[in-house]
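Thanks for coming. I will walk through one structure today, starting with a term we need and then moving from the sheet to the helices.

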Amino acid sequence: MNASEPVRAIGLAGPTASGKSALALAAAVRWPLEIVSVDSALVYRGMDIGTAKPSAAERASVPHHLIDIREPTEAYSAAQFVADARRLVGEINARGRLALLVGGTMLYFKALIDGIDAMPAADPAVRAAIDERAAAHGWPALHAELAQVDPVTAARLKPNDAQRIQRALEVWQLSGEPISAFHGRQAVQGMALPLLALMPQDRAWLHRRIAQRFDAMLADGFLDEVRRLRARGDLDPALPAMRCVGYRQAWTALDEHGDALQPGGPGWDVLRDTGIAATRQLAKRQITWLRSMPHRAVACDAPDALARGLAALGEMAAPA
């Protein structure tokens with residue numbers, strides 16, 4: 001993507017179950033566009049039901065990108081997303097199409113819009129060594145270790161925040177500098193990306209949608225999907241893929257109840273309740289992120305939300 005050329009791209013964000021995919025597909029009927037997924041779970045192959053991945057028919061109707069590009073054993077970072085998204089926007093624009101970046105991973109949107117700090121890339125060997133120490137001593141012990149070398153970062157992390165403690169220690173070991181020292185050093189400049197946000201006026205509406213969608217996932221075989229992932233033998237609940245909302249709760253329930261975990265059986269109601277509760281918490285975090293970012297909002301629970309969303313996208317896509 002040439003920085004001197006105008007970028008034709010729009011971000012479409014919102015909490016889970018707010019109707020982003022339906023709006024994106026309706027927009028693809030009206031305008032020549034391609035969809036770039038902004039979702040940290042959709043990158044993983046074999047994780048379809050629990051991520052509400054677009055169906056084969058939907059993906060055939062309009063090009064989708066950044067879906068099924070990693071195995072669940074592999075990591076995918078915000079920095080990798082930014083590099084992939086910038087490349088794809090350039091390629092889509094070169095085909096004379098609008099790039100519609102759709103999803104709910106607000107960290108990815110923020111990294112793309114604000115830019116990426118110039119910190120060291122992930123190192124699998126260093127991460128493995130940190131994980132071994134954590135397995136032996138526990139993450140609170142590594143949090144205490146982090147407090148010695150990077151007290152600023154340690155102060156804002158909980159003692160069991162494994163992913164962030166690991167990354168902060170990794171950066172320290174690779175660079176000799178605290179991760180906080182890299183904030184503001186931009187390796188990749190931000191992109192001017194107008195953002196349309198689907199926001200509920202009534203939080204109870206969103207909660208009902210979340211419950212309905214989780215129930216639909218269970219009915220569609222979500223638990224069998226998690227059983228297949230467990231049967232691979234190379235996955236564990238500490239991996240980023242298995243920490244995704246829904247998958248973490250299902251993994252725990254299967255650990256506790258095994259084959260007895262069936263509709264109406266022991267643990268089923270707990271799985272449903274914890275899965276819905278975790279998804280509601282995710283939606284709350286997504287809304288908090290969105291409120292801190294410049295955006296144009298459309299009420300996703302309005303009776304004419306789809307029409308409003310299409311009108312807004314049409315205005316945002318119009319040449320200046």
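When I say helix, I mean a DSSP run of H or I at least four residues long, and the helices are numbered from the N terminus. With that in hand, L25 can be placed in helix α1. Please keep in mind that this is a predicted model.

Let me stay with L25 for a moment. Which residues does L25 touch, if we do not count those up to four places away in sequence? They are E58, S61, V62 and H64. Take S61 as an example: 36 residues separate it from L25 in sequence, yet the two C-alpha atoms are 8.3 Å apart in space.

Now the sheet. In general, strands of a sheet pair through backbone hydrogen bonds, and the pairing can be parallel or antiparallel. Here we have an open sheet of six strands, paired in parallel, and the order reads β3-β2-β4-β1-β7-β8. Which strands stand at the edges? They are β3, residues 64-65, and β8, residues 296-299. Each has a single partner strand, so one side of each is left without a neighbour in the sheet.

Further in, β1, residues 9-13, pairs with β4, residues 98-103, and this parallel pair has five bridges. If you want one bridge to look for on the screen, find G11, whose partner in β4 is L101.

Next, the helices that lie across the sheet. Helix α3 lies across β1, β2, β3 and β4, and runs at about 145 degrees to β4. Helix α13, residues 305-317, lies across β1, β4, β7 and β8, and its angle to β8 is about 160 degrees.

Helices also pack on each other, and I have three pairs to show.

The first pair is α1 and α13. Their axes are 10 Å apart, and the packing angle is about 55 degrees. The two helices are therefore oblique to each other, and their crossing is right-handed. On the α1 side the contact is made by A22, L23, A26, A27 and R30, and on the α13 side by L306, G309, L310 and L313. Sorted by class, these are seven nonpolar residues, one polar and one charged.

The second pair is α3, residues 78-94, and α4, residues 106-114. Their axes come within 9 Å and cross at roughly 60 degrees, which makes α3 oblique to α4. This crossing is right-handed. A78, F81, V82, A85 and R86 of α3 meet L107, Y108, A111 and L112 of α4. That contact has eight nonpolar residues, no polar ones and one charged.

The third pair is α11, residues 247-257, and α12, residues 268-291. Their axes come within 9 Å, with a crossing angle of roughly 160 degrees. Are they parallel or antiparallel? Angles over 145 degrees count as roughly antiparallel, and α11 and α12 are therefore roughly antiparallel to each other. The crossing is right-handed. Q249, A250 and A253 of α11 are in contact with L271, T274, G275 and A278 of α12. The classes here are four nonpolar, three polar and no charged.

Last, an annotation. An unreviewed UniProt entry places the feature "binding site" at T16, A17, S18, G19, K20 and S21. Where do two of these sit in the model? G19 is in the loop between β1 and α1, while K20 is in helix α1. Leaving aside neighbours within four places in sequence, G19 is in contact with L198 and R209.

Notes. Residues are numbered from 1 along each chain as its sequence is written. This is a predicted model: local features need pLDDT of at least 70, side-chain atom pairs count only at pLDDT 80 or more; totals for chains, interfaces and linings use all residues. Side-chain values use heavy atoms; hydrogens and water are left out. Axes are lines fitted to C-alpha atoms, for helices over the stretch in contact, and angles run from 0 to 180 degrees between N-to-C directions. Angles under 35 degrees count as roughly parallel, over 145 as roughly antiparallel, 65 to 115 as roughly perpendicular and the rest as oblique. A crossing is left-handed if the near helix is turned anticlockwise from the far one by less than a right angle, and right-handed if clockwise. Contact means heavy atoms within 4.5 Å. Ala, Val, Leu, Ile, Met, Phe, Trp, Tyr, Cys and Pro count as nonpolar, Asp, Glu, Lys and Arg as charged, and the others, Gly among them, as polar. Two strands pair if DSSP finds at least two bridges between them. UniProt positions are given in the numbering used here, feature names are shortened, and annotations may be inferred rather than shown by experiment.
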